[in-house]
Structures are given as C-alpha cells and as structure tokens.
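Colleague: Could you take one part of this model and go through it closely, along with whatever sits around it? I'd like a connected account rather than a list.

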Amino acid sequence: MTVRDARRSAVYEAERAVESVLGRDRVGPVTVSLHGSSLTLPVERRFGDAAGVQRYVDAVLDLDWVTARWPGQRVAVRARRGQRMAHYEPAPEPVIAVPVETTWALRELVVLHEVAHHLARVSVGGAEPSHGPTWAGVYLNLAAVCVGPEVALLLRASFADAGVPADESLSYVTEGAV
C-alpha cells in the first residue's frame, strides 16, 4: 500500500531552513536566536564515505532506546551515484543510499532523516506517507539524542512553520548521544 506523501516538499523546505542556520561548512558551535531564546547549536557530524555512514548508522541502531523500541533492526548503507539525493529503500532488504560524490549528503541530519524512514516504516508498515507524523516524531527524537536537543528544537520549529505534523507521543529519548 502506497500512501501519498503530501508533506514531502514542506519537509525538505523545513530541512533547508535548518541547514542554512547550521551552515554546510561550519566547524564550531554557533549561537542563534529562535523565538526570543538563544540557542548554541552543536556542530553536526560529517562523514567521509559510505563506510563511515554505516558505522554511524550501526551506532544509532545500537542505542538502548532504539533497540528497546525496534529490536534487531539493521539497515545497510551503500554509495549511490550522482549528487541529487540520499534515499531509503525498504525492500528487498533495507538500504540507505547516500551520494558520496558530494559533501551535502554526508551530513548527520541527512543520515538521520534516512534512519528515521527505516524506523518509522517498521513502526507503521507503510500505513503513513514517507514523511508522515510517525517519521517526523522519530526524526526529531533521533536529532535530539544524536545531534543535540537544540538542533531538534530548531527542526521542530521549522516543521511547525512549514505545517509538518510530528507524532511526539512516541518520545524515546532516554539516554545520551552516539
């Protein structure tokens, strides 16, 4: 069953807004103002190749709260040609494909976006759009634990501004970062 992904462009627009704040080439923390509060944003991890992305994905999937909610989940990472997009392939075996010829896709939030697709699909079995509320909730939790709660707050505000609903009733955050 395929469900129309009506919020896809809104998600990408929200992520571009967050990326513009985080900066593609930033090497240190930056302080930003968000709705009257000051946030110091941590530096987002960067990866050099698909093998580095695979090690990171494995570490994320080995977090206690992830294994408690989604026991035994694994996803392979493969390099893909081109520079256009990373993507998640659920079948026949779950795979995250990342373009390695460009640096934009070898970023932590891009990888977590794809991991969230995998975990959300396991949760709802394709009963929601790819960028549905379950996916958004999982992504926000992954961002909070793996990158930092400040980045998750920025992402949450960006989703709200873009009209992207997130099911945050599924709060899994119980431990520190990767």
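Modeller: One term before we start: two strands count as paired if DSSP finds at least two bridges between them. Keep in mind, too, that this is a predicted model. The part I'd pick is the open sheet of 3 strands, which has mixed pairing and the order 3-5-4. Its edges are strand 3 (76–80) and strand 4, each pairing on one side only. From one strand to the next, the twist averages 30°. Strands 4 and 5 run antiparallel and are joined by 3 bridges, and across that pairing H87 stands opposite A97 in strand 5.

Now for the helices on the sheet. Helix 2 (residues 50–61) packs on it, touching strand 3 and strand 5, and its direction makes about 155° with that of strand 3. Helix 4 (residues 108–124) packs on the sheet as well, touching strand 4 and strand 5; here the angle is about 30°, taken against the direction of strand 4.

The loop between strand 4 (87–89) and strand 5 (95–99) holds P92. A cis peptide bond joins A91 to P92, with omega at about 5°.

A good residue to follow inward is V115, which is found in helix 4. V115 counts as buried because its relative accessibility is 1%. Setting aside neighbours within four places in sequence, V115 is in contact with V57, V60, L61, I96 and L142. By the ranges above, V57, V60 and L61 fall within helix 2, while I96 falls within strand 5.

That leads to the largest nonpolar core, which has 55 residues; V57, V115 and F159 are those with the most contacts inside it. Helix 5 gives the most to this core, with 11 residues. Helix 5 (residues 133–147) reaches 20 Å from its first C-alpha to its last, close to the 21 Å expected for its 15 residues. It is mostly covered, with 14 of its 15 residues buried, and just after helix 5, G148 takes a positive phi of about 150°. F159, again not counting residues up to four places away in sequence, touches V11, A14, W135, A136, Y139, L140 and V164.

Back to the sheet for the charged pairs. The structure holds 6 salt bridges. One of them is between R78 and E89, whose closest N and O atoms are 2.6 Å apart. R78 lies in strand 3 and E89 in strand 4, so this pair ties together parts that are 11 residues apart in sequence. R78 counts as partly exposed, at 35% relative accessibility, and E89 does too, at 21%.

Another salt bridge brings together the side chains of D58 and R74, at 3.8 Å from N to O. It links D58 in helix 2 with R74 in the loop between helix 3 (64–69) and strand 3, 16 residues apart. D58 is partly exposed at 26% relative accessibility, and R74 is partly exposed at 39%. R74 also ties back to the helix 4 residue we followed: V115 and R74 are 41 residues apart in sequence, but 9.8 Å apart in space, C-alpha to C-alpha.

Last comes the approach to helix 4. E19 forms a salt bridge with R107, their closest N and O atoms being 3.0 Å apart. That pair spans 88 residues, from E19 in helix 1 (residues 8–22) to R107 in the loop between strand 5 and helix 4. Both E19 and R107 are buried.

Conventions: Residues are numbered from 1 along each chain as its sequence is written. This is a predicted model: local features need pLDDT of at least 70, side-chain atom pairs count only at pLDDT 80 or more; totals for chains, interfaces and linings use all residues. Side-chain values use heavy atoms; hydrogens and water are left out. Helices (H or I, at least four residues) and strands (E, at least two) are DSSP runs, numbered from the N terminus. Axes are lines fitted to C-alpha atoms, for helices over the stretch in contact, and angles run from 0 to 180 degrees between N-to-C directions. Contact means heavy atoms within 4.5 Å. Buried means under 20% relative accessible area, exposed over 50%, partly exposed in between (1.4 Å probe, protein chains only). The expected span of a helix is 1.5 Å times one less than its number of residues. A nonpolar core is a set of buried Ala, Val, Leu, Ile, Met, Phe, Trp, Tyr and Cys residues joined through side-chain atoms within 4.5 Å. A salt bridge is a side-chain nitrogen of Lys or Arg within 4 Å of a carboxyl oxygen of Asp or Glu.
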